[in-house]
Amino acid sequence: MTDEALMLAVRDGQVGRLGQLFERYHMALFDFLARTTGDRAAAEDLVQDVFVRILKYRQTYRNDSRFETWVFRIARNARADYFKSQRATEQLPEGECDVPASGPGPAQQLELDQDARRLRRALMQLSEDKRELLVLARYRQMKYEHIAALLHVDQGVVKVRVHRALKELRALFLKAADGDPKTVSGDTEWIAKRSGTDLRIV
Amino acid sequence: MDCEEIRNRLADCLIGDGPGGGVARAVPDDVQQHLATCAACREEAESLAQTWTALGTVASPPPDSAAMRQRFDAMLDAYTEDQRAQPTAWTRRATRWLRGEARASWSRWEARAVPAAAAVLLLVTGGLAGGALAGGVLAGRFGRHDAGAPSTSAEIAELRRELRDTQQLVMLSLLQHASASERLRGVGWSHAIEEPGPEVVSALLDSLTHDPNVNVRLGCVDALMRFSARPDVRQGVVRALNESTSPIIQIALIDFVIEVGEKESVAALRRLSTDATLNEAVRERAKWGLQHLL
């Protein structure tokens, strides 16, 4: 059963169906909210808030609405209310950073951990809208057309903003890295070294 | 194709679901050709791709899904229970007031001068009207008249009018009260008045627009549904739809105009459906309303 069909059932009174949508979306919503607020505990609360709002506003769900867009719109509103009530955490606790466990040896892993922490900090230094854009595009792997629908902007605008956000993120990372002697400072090496993947763009 | 055009298209190359955040999408030939000859754009493209890939290494630990599901289930159970018991928040408030809370605080309410006097008058006239009605019915059924009872149609009509006037007086007095809960009672009184006069409708419309308390305004939306056939009520609701800034009131008003099929609300609904500064649920509701009306 599609997300949309489930949501239509919820809208029409079968609220128990919301459990299936919770299973499908709570991780994605948590990831989005945790990365954009920088606060995991708040993100857990906000996920609950999102589902409360779904119930509250279920009658407003339209037949032709794409559920993912609709639910992320609700999540953005919930997050906006959260930001209103308190300042977002600017810097995450070090323990929150995580990198894939397999791959490099211990010494290289340590360096990668440090880079990942810096990158996460750089992400949190971005403005809220830029951070949100990167989280949606990179972590949620949401298509530009869907991001455009969610943000009520043109698809071309989304592409330009992603481009700018990535450039700013890179600048912030390199600025932080310049102050740390342990970091690889070469402008084109730092990430290629970490990922071990070919840069297939050229 | 110049460098700016190429750079605007570089983001297209980033979306992909390759493991580890690889740049999975194939780069179009024309972009490839440009990058092969332009060092600046090539560097820009490499830079973007590297940053994109690096973002994939910043994982976010998963939440405690089991605990979240528990909280969700508890919330859903509470919601289901609540819905089973009471259909909507505003009708719940009104019903609760009409049933229990009004009686519970009746003696405190009686202590206040104007409503108390009105209530006494109401009881007296109500009793007389009831007696008159009963007397009339019985007299009619058994073909005889009690000389001591006001049994003529004129007397009954007069008592009914007095009863209605008294109920209206109580309601209008309560609507002016400083306490929101008292004003909500006033709204509740409107349900009890048979054939209310224009001052009742006027007072409800005024409270709908100007009362500072959202519960009172919601109660007014509910109460005005009785009078939805009246043009002045429909106009007043559309006016309130244009003026209201509270999302919950806006949604209740949208529901109102849709239920009564008020075509004059189309312009207001169009505005609400496109105003990006408004609550998302309001916009969606307005769009939904337009679909129903048009």
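**Exercise 1.** How far is the sulfur of Cys41(B) from the closest cysteine sulfur, and why is there no bond?

*Solution.*
This is a predicted model, in which local features need pLDDT of at least 70, side-chain atom pairs count only at pLDDT 80 or more, and totals for chains, interfaces and linings use all residues. Residues are numbered from 1 along each chain as its sequence is written, chains are lettered from A and ligands numbered from 1 in the order in which they are written, and side-chain values use heavy atoms, with hydrogens and water left out.

1. A disulfide is a covalent bond between the sulfur atoms of two cysteines.
2. The cut-off is a pair of cysteine sulfur atoms within 2.5 Å.
3. The closest cysteine sulfur to that of Cys41(B) belongs to Cys3(B), at 3.6 Å, which is too far for a bond.
4. Over all chains, the search of the whole structure finds zero disulfides.

**Exercise 2.** State whether Cys41(B) and Cys220(B) are buried or exposed.

*Solution.*
1. Buried means under 20% relative accessible area, exposed over 50%, and partly exposed in between (1.4 Å probe, protein chains only).
2. Cys41(B) has a relative accessible area of 0%, so this residue is buried.
3. Cys220(B) is also at 0% and therefore buried.

**Exercise 3.** Describe the phi angle and the setting of Gln141(A).

*Solution.*
1. Most residues other than glycine have a negative phi.
2. Gln141(A) is not a glycine, yet its phi is positive, about 50 degrees.
3. In chain A, Gln141(A) sits in the loop between helix H6 (128–139) and helix H7 (144–151); helices are DSSP runs (H or I, at least four residues), numbered from the N terminus.
4. Its relative accessibility is 37%, so Gln141(A) counts as partly exposed.

How values were computed
Helices (H or I, at least four residues) and strands (E, at least two) are DSSP runs, numbered from the N terminus.
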